[in-house]
Each structure stands twice: as C-alpha cells, then as structure tokens.
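Reader: Hey, I've got a model open on my screen and a few things to ask. Can we walk through it together?

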Amino acid sequence: MIVLKTNRELALMREACRISAGALRVAGEAVQPGVSTEEIDRIAYEYIIKQGAKPNFLNYNGFPATACISINDEVIHGIPSKKRVIKEGDIVSIDLGASLNGYNGDNAATFAAGKISPEAERLINTTRESLYKGIEAAVAGGRIGDISSAVQRYCEERGYSVVRDFVGHGIGSKLHEDPSVPNYGTPGRGVRLLPGMTLAIEPMINMGGFEVRQLSDGWTIKTKDAGLSAHFEHTVAITTDGPKILTVE
C-alpha cells in the first residue's frame with residue numbers, strides 16, 4: 001500500500017531527512033586512507049544521536065551498525081569493522097538514515113579516499129548525475145518507469161550497468177514502503193506518481209556487468225565480476241511543484 005503524506009507529515013520527514021543528510025556529510029568527510037569503517041560508523045552514530053534522532057539502520061532486520069559502508073566492488077550493505085581500513089584510491093559508498101518523530105530519512109553517496117583513478121571518478125560522477133536525472137523525472141502525473149528509465153538510459157549510454165537485484169523504495173513512517181523504485185525500466189509504465197508520495201531513489205551502478213552476489217556474512221553485496229560499483233541516494237517528495245529533495249541540510 002502506498003501512503004500519501006500530508007503537509008504535516010512531510011514537515012516531520014524533512015527533519016529526519018535533514019539529520020540523515022548531516023550524518024552522511026560528516027561520515028563522508030571522515031573517508032580518508034587509514035581510517036577504519038568502524039570509526040566512520042561511530043562518527044555517523046554520534047551525529048544522529050546528538051541531533052535527538054535514532055539511526056534507523058541499526059538493528060533493522062538484524063543489521064549491526066548505523067551505516068552500510070561498502071568499498072570498491074561492494075555494492076551495498078557492507079558491515080563496518082575495525083579491521084576494514086580504507087586505503088588510498090578506494091571508493092567508499094555510505095548509506096544511512098535517521099528516524100525522528102516517527103518518520104525516516106535515507107540517503108547515500110560514494111566518496112573518494114585520496115587520489116582515485118580516472119575510471120573510478122567517472123563512475124562516481126555518472127552515478128551521481130544519474131540520480132538527478134531520475135529525480136528530474138519524478139513528476140506528479142508521471143510513472144515510476146519514467147524515473148527508472150531516466151537512470152538506466154543515462155548510465156547505459158556511458159557504458160555502465162544497472163544493478164537489478166536491489167532497487168529504491170517508498171519511505172515514510174517505515175524505512176521501506178511501497179512502491180519499489182527500480183533503476184531500470186520503461187517510460188510510461190508502473191505506478192502513477194502522485195503528490196504526497198515520498199521515494200528513496202538510489203542508483204546502484206557497476207563498471208562491469210549488473211550481476212551481484214551476497215557474501216557469507218549475510219549482508220554484503222558485491223559485483224559478481226569484481227568491477228567497481230557506486231551508489232547515490234536521496235529521499236524525494238512528489239509535489240504539485242515538482243520533485244523536492246528532502247535529504248538536504
């Protein structure tokens with residue numbers, strides 16, 4: 001069931017999303033060679049708690065941390081660890097969110113650790129831009145497929161592949177709500193976009209093929225061919241005045 005939010009509910013979501021955006025910012029600023037992913041997770045946790053909110057990923061379906069931190073060929077759901085130390089040239093995807101007053105925010109970005117390769121930088125830039133292409137297509141009266149196809153077309157035209165096994169989602173009082181928001185699809189198809197819908201739009205883009213595999217930890221998702229992957233996400237509201245990004249400070 002798709003839940004349309006009232007203006008009051010959107011105002012509450014904006015606060016949760018603002019904190020989510022701030023937590024992602026400080027976590028990204030901590031991405032440096034020699035820093036453990038556990039330390040980055042701690043920084044994000046402390047930021048969210050100090051804002052009076054709760055990390056909504058922590059213990060969600062058993063996930064043991066505030067942030068999913070995924071490095072290089074890890075697509076999503078990497079578990080922070082003291083033993084996992086970032087190296088020069090790594091690309092680090094951080095996905096996290098905050099819950100406040102019964103509503104959720106969710107956002108993600110991929111960060112460079114020191115000097116990265118031109119190929120990695122191009123992947124990051126393409127994935128980031130594809131997110132905004134998707135957001136531009138999130139117009140009331142349109143369809144989910146408009147968002148999906150905008151992301152897919154932009155990335156595939158540049159030689160990248162779009163992960164199929166994991167998709168974006170609705171968000172609100174629950175972290176994951178209907179509808180699903182794939183990053184691949186056909187314009188004019190899928191659920192109608194209505195004012196009051198709130199969506200987590202999140203391209204997951206691979207340098208090689210789109211196939212992925214899950215590690216034995218039960219969480220971490222990697223590219224099957226060990227190619228690099230990048231991930232960007234915003235929480236977006238559908239309004240009569242166009243799409244509004246909520247995950248901004």
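Reader: Which elements do the buried residues of α4 pack against?

Author: They pack against α3, β8 (161-162), β10 (177-181), β11 (198-201) and β12 (204-206), with contact meaning heavy atoms within 4.5 Å. Helices (H or I, at least four residues) and strands (E, at least two) are DSSP runs, numbered from the N terminus. Bear in mind that this is a predicted model, where local features need pLDDT of at least 70, side-chain atom pairs count only at pLDDT 80 or more, and totals for chains, interfaces and linings use all residues. Residues are numbered from 1 along each chain as its sequence is written, and side-chain values use heavy atoms, with hydrogens and water left out.

Reader: OK, how many residues of α4 are buried?

Author: 10 of its 13 residues, where buried means under 20% relative accessible area (1.4 Å probe, protein chains only). Among them are I144, I147, V151 and Y154.

Reader: And what distance separates the end C-alpha atoms of α4?

Author: They are 18 Å apart, which agrees with the 18 Å expected for the 13 residues of α4 (residues 144-156) at 1.5 Å a residue. That expected span is 1.5 Å times one less than the number of residues.

Reader: Switching to the sheet: what's the strand order?

Author: β10-β9-β11-β16-β17, an open sheet of 5 strands with antiparallel pairing. Two strands pair if DSSP finds at least two bridges between them. β10 and β17 (244-245) each have a single partner strand, so one side of each is left without a neighbour in the sheet.

Reader: How many bridges join β11 to β16?

Author: There are 4, and β16 covers residues 234-237. I201 has H234 as its bridge partner in β16.

Reader: Now pockets. What's the volume of the largest pocket?

Author: About 290 Å³. A pocket here is an open set of points on a 1 Å grid over the protein atoms alone, where a 1.4 Å probe fits, with protein on both sides within 12 Å along at least five of seven lines; lining residues have an atom within 4 Å of a point. The volume is the space filled by probe spheres set on the points, which are joined across faces, edges and corners.

Reader: Which lining residues are closest to its centre?

Author: Of 18 lining the largest pocket, F57, C68, H77, D95 and H176 are the closest.

Reader: And the second largest pocket, which element gives the most to its lining?

Author: β7, with 4 residues. The second largest pocket holds about 160 Å³ of space, and L24, A108, A109, F232 and H234 lie nearest its centre among 13 lining residues. H234 is also the β16 partner of I201.

Conventions:
Buried < 20%, exposed > 50% of the residue type's maximum accessible area, 1.4 Å probe, protein only.
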